[in-house]
Amino acid sequence: MTTAEADRYALRLHKVSKAFGGVQALNRVDFEVRAGEVHCLAGENGCGKSTLIKTVIGVHQPEEAELIELFGEKVDRINPVKARELGVSVIWQDLALFPHMTVAENIAFDDLVGLRPRSVRYREMVRRAGDVLDRLGVDISLGASLSDLAIAQRQVVAIARALMNNARLIFMDEPTASLTQTETDRLLDIVRKLSADGVAIVFVSHRLAEVLEIAERVTVVRDGNLVGVYPTEGMTQGRLGELMTGHLIEDEVVARDLPDAPTVFQATGLTRRGEFSDISFRIKAGEVLGLTGLIGAGRTELAHVMMGMRQPDAGQMALNGASYRPANIREAIRGGMAYVSEDRLSLGLLQKQSIEDNTVISVLRKLTTAAGLISDTQKSRLVSHWIRELGVKIGAASDAISTLSGGNQQKVVLAKWLATEPRLLILDSPTVGVDVGARAGIFRIVRSLAEKGLAILLISDEVTEIMHQSDRILHMAGGRIVEEYDPRAISVPQLEEKIYA
Amino acid sequence: MSRSSRLPVQKGIRIRPATGENLSLLALLAVLVVVFSIASPRFLTGANLGSMGFQMPLLGLLTLAMLAPILSGGLNLAIVYTANISGLTLAWTLMQFGGAEAGIGAFMLGCVLALVVGALAGAAMGGVVAYVGAHPILVSLAMMIFLRGLGEFLTRGGDISGFPDYMRILGHGSLVGVPVPLIIFGIVAFGWHMLLRRSPHGFSVYMTGSNMKAAEYAGLNAKRTLVLIYTLSGVLCAIAGILMAARFNSVRVGHGEAMLLITVLACFLGGVDPFGGHGRVAPVVIALVILQVLSSGLNLIGANQHLSTAVWGLFLIAVMVMRSSQLRHTFFFLFGKGK
């Protein structure tokens, strides 16, 4: 191969293997990224994506590697500092920024405290940081404290920090996981700009729609093995999901009509000042009602009012035909409501506690004997019932919940609420941070619950999800329900345009 | 529990982490007992064991009073002064009925009033922590200073002494060879264990302690839980205060002040998570016994009493170092490979 040809690659890995204990995390994997390319690294949680990235920057040393080449140069032993000097940056999902420092300080951080700190000239530093932000075409105050920025802006700061180090190859780990659709679009614009400048970007994301939108090629890894490298042109979400999981992911509209089903919940003119106004809708037994719209449209706030966590200023609610006005979440739960929060990590589960305790937390009353003590047999019976019913993959029920993957954690959240035998289940962005295979599993459960007559309110800003799971779709914008759609009468692009126009 | 979950998953026999914690503390206790028995022939005598049995319950009750707020993600710095004020309430009641001549009825009334005062002090703290959202350290510190000031004002800094003789049974008596204070401590510890590990209230304490917001999202009444647990903590302090009055035959505000931080130490030695959410009664009780053995043992081999306090401190640091997951990982790496 001539140098000119090799130059066109930012990264080439050939037959790289890495094992941890008995687990083969990478098995003779090839991975190539062209200079200036937007490349997607796809695979389910635990498939070896992170190991691959860590091997490139030298956090892990491979047991075996035929070739590791960065920007046309063969690399023997690499460590994170050397990788950064060569122009490789990784932006992890947690961003690794410093909340109490300013934007400029965060961007110039590696100049301030690198292994060879240069003399810090504050004004010079601020100027260079400003140049980088200009290059990205964003307007963020350099003197602002990072903790005052929204997560999307922090993401940009992390990118700017990489560019400050003259990065020519940037890995982005789940960059859009906590962004809204508009913010995601803005981020994707920045990625395109960088790519045009010759910076290669490797994008790791669970959101297949944006993978297909942004990347030119996609490398799929499954269980530590390379599945293949594919151009994104002509690739569908279904096909990509199938490659990642090894089985077929059905994504078709399943909407049904339920003319005879009784109404479970009804809201009439529900209003909470500054959040939403004049919300009226009904949900029937066995119906999956999709509620979509941009973040900030008032969706979560509406769910909180339905759960009694906030009080409405005007309007009525009815549950099972009776007037319903819960003073707090406990009354709502007793009334038959259940709420899967959008923030699984800090609100949906108690990360420090065990799987079993997280499962039974909302039904303690049922497990308590006449003596006022929790019955251990009842408790473990309930836990094993739901673990089996929902197919949660666990070691032991006494393990901490944090040992589970995102998808399995979400199943435990579902188990917790299903144990309360609800009549209406509110799912608020239930698949954030859940990978494709597990996502399909969760929706299979949701479907079968609906078949059994549970009413479900599905809140999501992922259009494909809303389209393929709902029986009816409500579109909320600016605190109002602006329109109702039948998934069978609208297409994904049409719905996207309605929401983001 | 959270500590062991960070370790690599081991296949095969699954020791419940709490059991492991108990076993390692018991092993430590056994080593100390052997060492002190060899060092001093008087260590394993009835007289020494008896005196240990009389000394430990006071610290023990206060430690249990500290334990529950820590589990709920807080702290109760007012335990000693709550005990003092409760003791004072008892003493005051007895004085109203003739001091040393006061009847058993007066004593009972005094105990009930003492428990009520302890409960009120706790409830006030719990209420402020739960509904105002103030930090438990600040709230209980304020309560501690308030109670101390109030107590010193009422007693003018002096002692109240001269209680009826029958109170000696409570402080110095034995029942079939077991010191009465130890029996009281045993009953309270068992009740505390049942409340925390087996009742819905206890469950709620652990959940509130690991993430109050998430606990509320799951439908637990976290605020009520906090009020309840601080109230019960105050009740335990009151029991300790009554016992203190019976043991010393006097009440003075500031009595037992040095025990405050030792109770925190005993909790952490017993594996309680300083940030709340994890910890059990049994290992804390074993930790208490260890501290008592250390102190009595050192005393018997003629060490200065202040030295034994210093040894407690060193001991705790050593335990922290041994528990650190980093060290355990290193250990695993060096010796655990290939298993």
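A residue counts here as buried if 20 or more other C-beta atoms lie within 10 Å of its own C-beta atom. The structure on display is a predicted model, and the tour begins with chain A.

**Chain A as a whole**

Select chain A. By the criterion above, buried residues make up 45% of its 501 residues. Its secondary structure comprises 20 helices and 20 strands. The radius of gyration of chain A is 25 Å, close to the 23 Å that the globule rule gives for 501 residues, so the chain is as compact as a globular protein of that length. Turned along its principal axes, the C-alpha trace of chain A spans about 75 × 50 × 50 Å. Of the contacts in chain A between residues at least 6 apart in sequence, 70% join residues at least 24 apart.

**The domains of chain A**

Next, colour chain A by domain. Domain 1 covers 3–245, domain 2 is assembled from 262–336 + 423–434 + 453–501, and domain 3 covers 345–421. Select domains 2 and 3 of chain A together: their centres, taken over C-alpha atoms, are separated by 26 Å. Domain 2 of chain A brings 5 residues to the contact between them, and domain 3 of chain A brings 6 residues. On the domain 2 side, these residues divide into 4 nonpolar, 1 polar and no charged.

**Where chain A meets chain B**

Now show both chains. Here 25 residues of chain A are in contact with 26 residues of chain B. To find the chain A side, select helix H12 (329–335) and helix H13 (344–348) of chain A, the elements that give two or more residues to it. By class, this side of chain A has 11 nonpolar, 10 polar and 4 charged residues.

**The nonpolar cores**

Move to the interior. The largest nonpolar core has 168 residues, and those touching the most other members are A:Ile426, A:Ile456, A:Leu457, B:Leu61, B:Leu62, B:Leu236 and B:Ala240. Select helix H11 (residues 222–248) of chain B, which gives the most to this core, with 18 residues. Domain 2 and domain 3 of chain A both give residues to this core, so it lies between them.

Centre the view on A:Ile426. Beyond its neighbours within four places in sequence, A:Ile426 is in contact with A:Ala303, A:Met306, A:Ala338, A:Tyr339, A:Val340, A:Leu457 and A:Ile459. A second, separate core has 75 residues; to locate this core, select A:Ala83, A:Ile91, A:Ala167 and A:Ile201, which are among its members.

**A loop in chain B**

Select B:Phe97, in the loop between helix H4 (79–96) and helix H5 (104–132) of chain B. Is this residue buried or partly exposed? B:Phe97 has 15 other C-beta atoms within 10 Å, so it is partly exposed. Leaving out residues up to four places away in sequence, B:Phe97 touches B:Ala102, B:Gly103 and B:Ala106. Add B:Phe107 to the selection: B:Phe97 and B:Phe107 are 10 residues apart in sequence and 9.0 Å apart in space, C-alpha to C-alpha.

**Helix H13 of chain B**

Finish with helix H13 (residues 281–300) of chain B. From its first C-alpha to its last, this helix of 20 residues reaches 28 Å, close to the 28 Å expected at 1.5 Å a residue. Of the 20 residues of H13(B), 14 are buried, so the helix is largely enclosed by the rest of the structure. The last stop is B:Gly302, just after H13(B), which takes a positive phi of about 90°.

Notes:
Residues numbered from 1 in each chain as written. Chains lettered and ligands numbered in written order. Predicted model: local features only at pLDDT ≥ 70, side-chain atom pairs only at ≥ 80, totals over all residues. Contact = placed C-beta atoms within 7 Å. Helix = DSSP H or I, 4+ residues; strand = E, 2+ residues; numbered from the N terminus. Nonpolar A, V, L, I, M, F, W, Y, C, P; charged D, E, K, R; others polar. Core = buried A, V, L, I, M, F, W, Y, C linked by C-beta atoms within 7 Å. Buried ≥ 20, exposed ≤ 12 C-beta atoms within 10 Å, placed from the backbone. Domains from an automatic or database assignment. Rg over C-alpha atoms; globule rule 2.2 N^0.38 Å. Expected span 1.5 Å × (residues − 1).
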